[in-house]
Amino acid sequence: MKILDEIFNNLGLSQSYIFFGDDIELINKFSLEFAYRVIGSKTNIMDSIIFLGNNIKSITINDIRFIKSEVIKKSIYHKNKVVLISNSERMSVEAQNAILK
């Protein structure tokens, strides 16, 4: 994926990214490939990539609190952690506010 090569080789990483569009499968594939590159591996990802929002009706403030509690824990295998949130439009107002804080 050419755009990922440009981000990682020339631009450097930012704190957060938003990927959006109509093709959810393509966005999920792109996001996962991005996450693999951030952590530097496709193996031992269980404590380095956190998924949220794929198969739930709504994203609550408790979901965001859980993410925050997991992100502060040090990964056993990798230096970085990545949180992938799908269907962010399903976030409650409280969850939206919590993720901004």
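**Exercise 1. In which loop is Ser58 found, and what surrounds Ser58 there?**

Solution. The model is a predicted one, and the first step is to place the residue along the chain: Ser58 is found in the loop between S1 and H3. The second step is to ask how far the side chain is covered; with a relative accessible area of 37%, Ser58 is partly exposed, because that class lies between the limits of 20% and 50%. The third step is to list the contacts, and once neighbours within four places in sequence are left aside, Ser58 is in contact with Asp63 and Arg90. Finally, a distance may be read from the backbone: Ser58 and Val71 are 13 residues apart along the chain, and their C-alpha atoms are separated by 21 Å.

**Exercise 2. Determine which residues make up the largest nonpolar core, and which element gives the most to this core.**

Solution. Begin with the membership, which comes to 12 residues: Leu4, Ile7, Phe30, Phe34, Ala35, Tyr36, Val38, Ile39, Ile45, Ile49, Val82 and Leu84. Next, assign these residues to elements; those that give two or more residues to the core are helix H1 (2-11), helix H2 (24-39) and strand S2 (82-85). Among these contributions, the most comes from H2, with 6 residues. There is also a second, separate core of 8 residues, including Ile50, Ile59, Ile67 and Ala95.

To look at one member in detail, take Val38, which belongs to the largest core. When residues up to four places away in sequence are not counted, Val38 touches Phe8, Leu13, Asn80 and Val82, and of these partners Val82 is itself listed in the core.

**Exercise 3. Decide whether Ser48 is buried or exposed, and identify the side chain with which Ser48 makes a polar contact.**

Solution. The place of Ser48 is in the loop between H2 and strand S1 (49-52). Its relative accessible area is 0%, so Ser48 is classed as buried. Turning to the polar partner, the side chains of Ser48 and Ser75 are joined by a polar contact of 2.8 Å. The wider surroundings, with neighbours within four places in sequence left aside, consist of Ile39, Ser75, His78, Asn80, Lys81 and Val82. Two of these contacts, Ile39 and Val82, can be found in the list of the largest nonpolar core.

**Exercise 4. Work out how many salt bridges the model contains, and which residues are linked in a network.**

Solution. The count comes to 3 salt bridges, and they can be taken in turn.

- Arg37 and Glu33 meet through their side chains at 3.9 Å, N to O; both lie in helix H2, 4 residues apart, which is about one turn of the helix. Arg37 is partly exposed, with a relative accessible area of 28%.
- Glu33 also forms a salt bridge with Lys42, where the closest N and O atoms are 3.5 Å apart. Lys42 counts as exposed, at 55% relative accessibility.
- Lys73 and Glu70 meet through their side chains at 2.8 Å, N to O, and Lys73 is partly exposed at 46% relative accessibility.

The first two entries share Glu33, and the network of salt bridges accordingly links Glu33, Arg37 and Lys42.

**Exercise 5. Find out which residues make the nonpolar surface patch, and where Ile76 is found.**

Solution. The patch is made by Met46, Ile76 and Tyr77 and has an area of about 380 Å². Ile76 is found in the loop between helix H3 (61-71) and S2, and because its relative accessibility is 69%, Ile76 counts as exposed.

**Exercise 6. Compare Asn44 and Asn87: what phi does each have, and which of them counts as buried?**

Solution. As background, most residues other than glycine have a negative phi. Asn44 nevertheless has a positive phi of about 50°, and Asn87 has a positive phi of about 55°. Asn44 has its place in the loop between H2 and S1, whereas Asn87 lies in the loop between S2 and helix H4 (93-100). With a relative accessible area of 36%, Asn44 is partly exposed; Asn87, at 19%, counts as buried, because the limit for that class is under 20%.

Technical notes: Residues are numbered from 1 along each chain as its sequence is written. This is a predicted model: local features need pLDDT of at least 70, side-chain atom pairs count only at pLDDT 80 or more; totals for chains, interfaces and linings use all residues. Side-chain values use heavy atoms; hydrogens and water are left out. A nonpolar core is a set of buried Ala, Val, Leu, Ile, Met, Phe, Trp, Tyr and Cys residues joined through side-chain atoms within 4.5 Å. Buried means under 20% relative accessible area, exposed over 50%, partly exposed in between (1.4 Å probe, protein chains only). Contact means heavy atoms within 4.5 Å. A polar contact is a pair of N or O atoms within 3.5 Å; within protein, one must be able to donate a hydrogen and the other to accept it, and residues adjacent in sequence count only if both atoms are side-chain atoms. Patches are made of residues with over 30% relative accessible area and no salt bridge: like charges are joined within 9 Å, nonpolar side chains (Val, Leu, Ile, Met, Phe, Trp, Tyr) within 5 Å. Accessible areas come from the Shrake-Rupley method with a 1.4 Å probe; for residues, only the protein chains shown count as cover. A salt bridge is a side-chain nitrogen of Lys or Arg within 4 Å of a carboxyl oxygen of Asp or Glu.
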